[in-house]
Amino acid sequence: MTGKPRGERHIGLLNGFAAYGMWGLVPLFWPLLKPAGAMEILAHRMVWSLVFVGAALLVLRRWAWAGELLRRPRKLALITVAAAVITVNWGLYIWSVNAGHVVEASLGYFINPLVTIAMGVLLLKERLRPVQWAAVGTGGVAVVVLTIGYGQPPWISLCLAFSFATYGLVKKKVGLGGIESLAAETAIQFLPALGFLVWLSARGDSTFATEGAGHAALLASAGIVTALPLVCFGAAAIRVPLSTIGLLQYLTPVFQFLLGVLYFHEEMPPERWAGFSLVWLALTLLTWDALRTARRASRTLTSEISVPSTTRASGTVSAARNAESVASGPDPVEAKP
C-alpha cells in the first residue's frame with residue numbers, strides 16, 4: 001500500500017473523507033423523508049438500493065460472483081444473516097434520528113469498535129494486548145456512567161453497536177466486496193420490503209404517491225444515499241492503508257455527534273458528557289495502541305528485507321500480515337447508517 005503514487009493516495013484520502021463524511025451527515029437526510037415513518041423509509045431504502053446497485057453492476061459487468069454465491073449454501077446463509085442484522089441496524093438508526101436521538105445513535109458508532117473487540121474475545125477467542133483491555137474496560141465504565149445518567153441503559157446505542165458488530169463479524173466470513181455484498185443483501189431484502197410497501201399502499205398509509213413528486217424522489221434517492229458512500233469507500237480502500245481507513249471511520253460518529261448537539265440541539269447534561277468522555281478516552285487508547293503496533297510491525301517488515309532469503313520468507317509473510325491487520329479499532333465495514 002505504501003508503494004502507491006502520491007496522487008493515488010490523495011484520491012484515496014478524498015474518497016475516504018467523502019465516504020465517512022456522507023455517512024456522518026446522513027442524519028440531515030432522514031428527516032427530509034417525513035411524514036413517512038421509519039418502516040416505510042427503511043423499505044424504500046432496501047428497494048431503491050437494489051435498483052441503484054444493480055444498475056452499477058450492470059454497467060461494470062460484475063455478475064460472476066452471483067452464480068458462485070448461489071452454488072454455496074453456507075455463504076448464502078451468512079448473507080441472509082447479514083441482511084437481517086443490517087435491517088435491524090438501518091431501521092433503528094432511521095427511527096432514532098427522526099425521533100430526536102441523534103446523539104445516542106452517534107454513541108452507538110463510537111462504541112462499536114469496543115464491542116467488536118469484545119465479541120472477538122468472547123466468540124473468536126482472540127487475545128488482547130493490555131492497552132486493548134484497558135480500552136474495553138474504560139468503555140464498559142462509560143456505559144455504566146451513561147446508564148446512571150439516562151436512568152436506564154443506552155439501549156439505542158447498544159443495539160446499534162451490537163447489530164453493526166455482528167454484521168461486521170458475518171461480513172468478515174462472507175468475504176464479498178462492498179458493492180457485491182450490498183447487492184446480495186438488498187436482493188434478499190427486496191421482496192419483503194416491496195411486499196410491505198404494497199401492503200402499506202393498499203391500506204392507504206403510503207406517502208410515496210400522496211405527498212407529491214418531490215417526496216417520492218426523496219424516498220427513491222435513499223438508494224443513492226446508501227450506495228454512493230459505499231462506492232467512495234471502495235475507491236479509498238484500494239488506495240490508502242487500512243490504518244488510515246481505521247482512523248477515518250471515526251469521522252462518522254463525530255459528525256453525527258456534532259449534528260446532534262449543534263444542529264438538532266439535543267441535551268447534553270454533565271453525566272452524558274462524562275460518559276462520552278470515557279468513550280473517547282477508550283478510543284484514544286485503542287488508536288494509540290493500534291498505531292504503535294502498526295509501526296512496530298512495519299519496522300519488523302523492513303528489517304526482514306536485509307535477512308537472507310532462506311530465512312526471510314516466513315518472517316516477511318508474518319510481518320506483512322501483522323501490518324495489514326492493525327487499524328484503529330476493528331476492520332471497517334462497508335455498510336454504514
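Trainee: Which residue follows helix α12, and what is the sign of its phi?

Mentor: His265 follows α12, and its phi is positive, near 55 degrees. Helices here are DSSP runs (H or I, at least four residues), numbered from the N terminus. The model is predicted, so local features need pLDDT of at least 70 and side-chain atom pairs pLDDT 80 or more, while totals for chains, interfaces and linings use all residues. Residues are numbered from 1 along each chain as its sequence is written, and side-chain values use heavy atoms, without hydrogens or water.

Trainee: Why does His265 count as exposed?

Mentor: The relative accessibility of His265 is 61%. Exposed means over 50%, buried under 20% and partly exposed in between (1.4 Å probe, protein chains only), so His265 counts as exposed. His265 lies in the loop between α12 and α13.

Trainee: What makes the span of α12 close to the expected one?

Mentor: Helix α12 (residues 251-263) has 13 residues and reaches 17 Å from its first C-alpha to its last. The expected span is 1.5 Å times one less than the number of residues, which gives 18 Å for α12. Buried residues in α12 include Leu251, Phe257 and Gly260.

Trainee: How is the packing of α1 and α12 described?

Mentor: Two packed helices are described by the angle and the distance between their axes. The axes of α1 (residues 6-25) and α12 come within 7 Å and cross at roughly 35 degrees. Axes are lines fitted to C-alpha atoms, for helices over the stretch in contact, with angles from 0 to 180 degrees between N-to-C directions. Contact means heavy atoms within 4.5 Å; among the residues that meet are Phe17 and Tyr20 in α1, and Phe255 and Leu259 in α12.

Trainee: Why is the pair of Phe110 and Trp280 called edge-to-face?

Mentor: Their ring centres are 6.0 Å apart and their planes stand at 75 degrees. Rings of Phe, Tyr and Trp (its six-membered ring) pair if their centres lie within 6.5 Å; planes under 30 degrees apart count as stacked, over 60 as edge-to-face and the rest as tilted. The pair is therefore edge-to-face. Phe110 in α5 and Trp280 in α13 are 170 residues apart.

Trainee: Is Phe110 buried or exposed, and how does Trp280 count?

Mentor: Phe110 has a relative accessible area of 3%, so Phe110 is buried. Trp280 has 27% relative accessibility and therefore counts as partly exposed. Both belong to one aromatic cluster with Phe257, Trp273 and Phe276.

How values were computed: Helices (H or I, at least four residues) and strands (E, at least two) are DSSP runs, numbered from the N terminus.
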